[in-house]
Amino acid sequence: MTSRSTNVQQATAAARRIILVHGSGHGGWCWYRVATLLRAAGHRVDAPDLAASGADARPLRDVPTFEDHSRPLLDVVAALPDGKRAVLVGHSFGGFSVALAAEMFPEKVAAAVFVTAFMPDCTHHRSYVFEQLTSREWDNMDSVTDDEHVPPSVFLGPEFMRQKIYQLSPPEDYTLSQSLARVSSFYIADQQSKPPFSEARYGAVRKVYVVCKQDMAIVESYQRTMIAGCSEAEVREIADADHMAMFSTPVELAGHLADVANTY
């Protein structure tokens, strides 16, 4: 575990671009605190809405595959000029989108950062780490799923979010989430149909995992199970972060991200 300072560092002359990727039911809006801190320090930051998320107007039925869902991120990464690389930061389910971008454009990724996120390995099918968590009696409480929808849909319940995701975050940010949360999909069957991410591409990208020790949705022990599957990943910790580290510990999280951007 690294002991580097978590103060938000000023961008260096060679600072990387930072692209922040949200998780299920959320949008780029959830990064507003962290993005503000990083931009104030001189970093170039993007927080795109994935398809059918945040302010993206498409309904979920118009986003049938996981690649469709991730397309806004993929387009941003693809558009980076030749020779330029970005730090990709995935939160929660956004870790899968970061992994897909690293698989498709490894030469454009300076580092892939997983903030209490699903971090796939290069051995199993792509949704394996998600399925292993849900098979451990993951309690979605009042969340609503519809397996008949195309793609299968999920809406994260307000009590699940309050008790398991936002339990240490400011109440105003939980209130914001209840105004902006959207129906999403975990795209399990679609990801099961794809081969594992490759050692030569995704596997070759530098990885950093930020363990959020108070997460009650993806608990610390399971975060470390995923880390064990990608043993080359650098590990950092935030002691007081719940699942929404960008709200519960924004300064500390921004400090880690700035340090990664300045280092890699």
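Which residue stands opposite Phe 114 in E4? Gly 90 holds that position. The model is predicted. The points below cover an open sheet of six strands, a helix that packs on this sheet, and the crossing of helices H2 and H3.

**The sheet**
- The strands of the open sheet follow the order E2-E1-E3-E4-E7-E8, and their pairing is parallel.
- Strand E2 (45-46) and strand E8 (234-238) are at the edges; each has a single partner strand, so one side of each is left without a neighbour in the sheet.
- Six bridges join strand E3 (residues 86-91) to strand E4 (residues 109-115), and these two strands pair in the parallel sense.

**A helix on the sheet**
- Helix H10 (residues 250-263) packs on the sheet, where H10 touches strand E1 (17-21), E3, E4, strand E7 (207-212) and E8.
- The direction of H10 makes about 160° with that of E8.

**Helices H2 and H3**
- Helix H2 spans residues 66-78 and helix H3 spans residues 94-104; their axes come within 9 Å and cross at roughly 60°.
- H2 and H3 are therefore oblique to each other.
- Their crossing is right-handed.
- On the H2 side, the contact is made by Phe 66, Glu 67, His 69, Ser 70, Leu 73, Leu 74 and Val 77.
- On the H3 side, the residues met are Phe 96, Ser 97, Val 98, Leu 100, Ala 101 and Met 104.
- The residues of this contact comprise nine nonpolar, three polar and one charged.

Technical notes
Residues numbered from 1 in each chain as written. Predicted model: local features only at pLDDT ≥ 70, side-chain atom pairs only at ≥ 80, totals over all residues. Heavy atoms only, no water. Axes fitted to C-alpha atoms, helices over the stretch in contact; angles between N-to-C directions. Helix = DSSP H or I, 4+ residues; strand = E, 2+ residues; numbered from the N terminus. Parallel < 35°, antiparallel > 145°, perpendicular 65-115°, else oblique. Left-handed = near helix turned anticlockwise from the far one by under 90°. Contact = heavy atoms within 4.5 Å. Nonpolar A, V, L, I, M, F, W, Y, C, P; charged D, E, K, R; others polar. Pairing = 2+ DSSP bridges.
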